[in-house]
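Please work through the following exercises with the sequence and the structure at hand. Each task is followed by a worked solution.

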Amino acid sequence: MQKIIIDTDIGDDIDDAFAIALAACMPEAELVGVTTVFRNTEARAQLAEKLLECAGVKTKVYAGERLPLKEPFHPFAKDTGFPETSLPCQWEESYGDYPVNGGAVEFLSESAERYGKDLCIVAIGPLTNLARAIEKYPQQMKRCGKILSMGGSFKKFAPEWNYLCDPEAADIVIGSGIPFYAVGLDVTLTCPLEAGLLEKFRTSEKPVNKLLSLWLDRWFDFFGFEKSVMHDPLALACTVTDACMFEKKFVAIDLKGARGAAFVSEREEAGYSPIYVAVSADKEKFYNMVESVLL
């Protein structure tokens, strides 16, 4: 059975929570752990603990790296008002009762060594934890079956949030030699959470769906958004379905001008790494999976 670890910045956007719930509940794979990354990773770990509790799943949660590898975070202009120490908008004081384990980097390397090719690390946040693990434990991490990342923009040359948060980390992970699959913004934007499906979550009596609806409303209220896009659940779905079609590309990450943007080539070039990039999504197959697993 496929073993999955989710590496996440849960708590800012809502799609991380949907992805973790999907991984916890789907029968085709085993969620063996969750690691948190970027800024307040302890609070993010407590959110993950709460979500897993509501899903009725016991698995390990580890807080990880808070800061980018090298340079300070250079956010988009619209995101400059959120300090590094701020709590995720979905967090509440009662979640502070959940104990927090550190050691995300060590857990990733130990799991890669333990599960080998059976392990897929689903990275739905910045890639700092993975880059640290590759730097510190290169031989162990190379045993990992594959890394599936929600990140990047591969049709339009522009920074995407997860890679913008730590471009150096993205560069290290993509160039590590570990099989790397990327579900980029250009594909995930085709999968918004439609009103009909949202209503099904709101009327569901399952505890995990009640929590997702609560957090969705907190996220709507905090940011003023009107619709969520299922970026991370689409990437997660690719672990057990062909919800996306992938093609081999050669990619390099811009570390200077447009930090976090991806240079893409159809052929091998110096400084570019071979990865598999999602080029399309089967929305019907994806949403059928979401409904069958969570609803």
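**Exercise 1.** Determine what percentage of the residues of the chain count as buried, and assess how compact the chain is for its length.

*Solution.* The model is a predicted one. A residue counts as buried when its relative accessible area is under 20%. By this criterion, 56% of the 295 residues are buried. The next step is the radius of gyration, which is 18 Å, close to the 19 Å that the globule rule gives for 295 residues; the chain is therefore as compact as a globular protein of that length. The C-alpha trace spans about 55 × 45 × 40 Å along its principal axes. Finally, the accessible surface comes to about 12,400 Å², with 50% of it belonging to carbon and sulfur atoms.

**Exercise 2.** Give the order of the strands in the open sheet and identify which strands stand at its edges.

*Solution.* The secondary structure comprises 12 helices and 9 strands. An open sheet of 9 strands follows the order β3-β2-β1-β4-β5-β6-β9-β7-β8, and its pairing is mixed. The edges are held by β3 (60-63) and β8 (262-265); each has a single partner strand, so one side of each lacks a neighbour in the sheet. From one strand to the next, the twist averages 30°.

**Exercise 3.** Describe how β6 is joined to β9, and state which strands helix α7 touches.

*Solution.* Strands β6 (residues 180-183) and β9 (residues 273-281) run parallel and are joined by 2 bridges. Y181 has Y276 in β9 as its bridge partner. Helix α7 (residues 167-174) packs on the sheet and touches β5 (146-150), β6, β7 (244-253) and β9. The direction of α7 makes about 115° with that of β7.

Technical notes: Residues are numbered from 1 along each chain as its sequence is written. This is a predicted model: local features need pLDDT of at least 70, side-chain atom pairs count only at pLDDT 80 or more; totals for chains, interfaces and linings use all residues. Side-chain values use heavy atoms; hydrogens and water are left out. Two strands pair if DSSP finds at least two bridges between them. Helices (H or I, at least four residues) and strands (E, at least two) are DSSP runs, numbered from the N terminus. Axes are lines fitted to C-alpha atoms, for helices over the stretch in contact, and angles run from 0 to 180 degrees between N-to-C directions. Contact means heavy atoms within 4.5 Å. The radius of gyration is taken over C-alpha atoms; the globule rule is 2.2 Å times the number of residues to the power 0.38. Buried means under 20% relative accessible area, exposed over 50%, partly exposed in between (1.4 Å probe, protein chains only). Accessible areas come from the Shrake-Rupley method with a 1.4 Å probe; for residues, only the protein chains shown count as cover.
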